[in-house]
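Open your viewer, get the selection tool ready, and follow along one stop after another. Each stop names something to pick and then tells you what is there.

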Amino acid sequence: MSAPPPVPARTTETVGNDDAVRASLEALRSEIAKAVVGQDPAVTGLVVALLCRGHVLLEGVPGVAKTLLVRALAASLELDTKRVQFTPDLMPSDVTGSLVYDARTAEFSFQPGPVFTNLLLADEINRTPPKTQSSLLEAMEERQVTVDGTPRLLPDPFLVAATQNPVEYEGTYPLPEAQLDRFLLKLTVPLPSRDEEINVLTRHADGFNPRDLASAGVRPVAGPADLESARAAVAKTTVSPEIAGYVVDICRATRESPSLSLGVSPRGATALLATARAWAWLTGRDYVIPDDVKALALPTLRHRIQLRPEAQMEGVTPDSVITAVLAHVPVPR
């Protein structure tokens, strides 16, 4: 993507204007860059997930600014954010909230958990048992939590950004395929390049405090109203029958790959179509082209397939399988 355009003044008239809203969301990259060096693909992926009302799995080694990325995004969008450190002793009620007895009224009252926020950072989600992991399933899919038989709606927008450490797996509880499939995107957060790392050290030497984003100059450039307008515009993005067929052909090809024991489900196909539409709108078009599908195929599908053990031993990766599929599936003209 090219450099973001200047941020337009946000007024009642500009909110709802497609070009102004698009420019505001584009400006998120430069705003977040005040706190996070690099990681443009991860920023774009988070914006795409917000536009599609989806959730994101962030994978990267400790210390690559995953937490800072989510906090900077929330600050740039005027959204509330909370963080939960997932540990083996974390209980479902620690995430969703629970009923607490009030001695003054002799009644039970509901105390909301950290899931009642706009951006929930579920840190190291694979370090907590499946019972606690599953407490997020209803919140992610239905955007509500049910405690003592009473459903309680979550704020809108609502996004779960769950992190995983790709190196250390001892004592972890890998997410089952059914739960992985609930995440719209799986984004990798790589180590910075040498120049980027020097930039990080220079910022810290100059007094940058990652816990004080305001002092770094991070300011809101968009808000919930902009997101709602953008979602409405994305919903109007045209998808031709040829593009729909292209998405289906890609997903069906994964089911026939000899390297996979599990291919992409129909839910994965709908996810790929949704992310491609969001990407098309962000790039300034009201229709989807094959390049939009290709651009989002890896982050949308990499966590929805399962390698055969023999393929893993040969060094095959989910990304290499999807790349091979994209190279062989005919592209519509």
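Leaving aside its neighbours within four places in sequence, which residues is Leu51 in contact with? Select Leu51 and you will find Leu25, Leu227, Ala230, Arg231, Val234, Ala278, Trp281 and Leu282 in contact with it, where contact means heavy atoms within 4.5 Å.

Before moving on, a word on what you are looking at. This is a predicted model, in which local features need pLDDT of at least 70 and side-chain atom pairs count only at pLDDT 80 or more, while totals for chains, interfaces and linings use all residues. Residues are numbered from 1 along each chain as its sequence is written, and side-chain values use heavy atoms, with hydrogens and water left out.

**The nonpolar cores**

Keep Leu51 selected and add Leu25, Trp281 and Val293: these four touch the most other members of the largest nonpolar core, which has 71 residues. Helix α12 (residues 266–282) gives the most to this core, namely nine residues. A nonpolar core here is a set of buried Ala, Val, Leu, Ile, Met, Phe, Trp, Tyr and Cys residues joined through side-chain atoms within 4.5 Å. Buried means under 20% relative accessible area, exposed means over 50%, and partly exposed lies in between (1.4 Å probe, protein chains only). Helices (H or I, at least four residues) and strands (E, at least two) are DSSP runs, numbered from the N terminus.

Now select Val95, Leu120, Phe158 and Phe183. They are among the 23 residues of another core, which lies apart from the one with Leu51.

**The sheet**

Next, show the strands. Five of them form an open sheet in the order β2-β5-β8-β1-β9, with parallel pairing; two strands pair if DSSP finds at least two bridges between them. At the edges stand β2 (81–85) and β9 (185–188), each with a single partner strand, so one side of each has no neighbour in the sheet. From one strand to the next, the twist averages 20°.

Zoom in on β8 (residues 159–164). Is this strand enclosed or open to the outside? Six of its six residues are buried, so β8 is largely enclosed by the rest of the structure. In a regular strand the side chains alternate between the two faces of the sheet. On one side of β8 you can pick Leu159, Ala161 and Thr163, and on the other Val160, Ala162 and Gln164; all are buried, and both faces are covered.

Then look at the partners of β8. Strand β1 (residues 56–59) runs parallel to β8 and is joined to it by four bridges. Leu57 stands opposite Ala162, and Leu58 has Thr163 as its bridge partner. Strand β5 is likewise parallel to β8, with four bridges between them; here Leu120 is partnered with Val160.

**Helix α4 and Ser76**

Select helix α4 (residues 66–76), which lies across β1, β2, β5 (119–123) and β8 and runs at about 175° to β5. Axes are lines fitted to C-alpha atoms, for helices over the stretch in contact, and angles run from 0 to 180 degrees between N-to-C directions.

Within α4, pick Ser76. Its relative accessible area is 0%, so Ser76 is buried. Not counting residues up to four places away in sequence, Ser76 touches Leu28, Glu31, Ile32, Val218, Arg219, Pro220, Val221 and Ala222.

**A pair of rings**

The structure holds two aromatic pairs. For one of them, select Phe110 and Phe116: the ring centres are 5.8 Å apart and the planes are at 70°, so the pair is edge-to-face. Rings of Phe, Tyr and Trp (its six-membered ring) pair if their centres lie within 6.5 Å; planes under 30 degrees apart count as stacked, over 60 as edge-to-face and the rest as tilted. Both Phe110 and Phe116 are buried.

**Cysteines and loops**

How many disulfides does a search of the whole structure find? Zero, a disulfide being a pair of cysteine sulfur atoms within 2.5 Å. Select Cys52 to see this: the nearest cysteine sulfur, that of Cys251, is 15 Å away. Cys251 is buried, at 0% relative accessibility.

Finish with two loops. Thr172 is in the loop between β8 and α8 (177–180); its relative accessibility is 14%, so Thr172 counts as buried. Pro258 lies in the loop between α11 (241–255) and β10 (260–262), and at 68% relative accessibility Pro258 counts as exposed. Add Arg308 to the selection: its C-alpha atom is separated from that of Pro258 by 8.2 Å, although the two are 50 residues apart along the chain.
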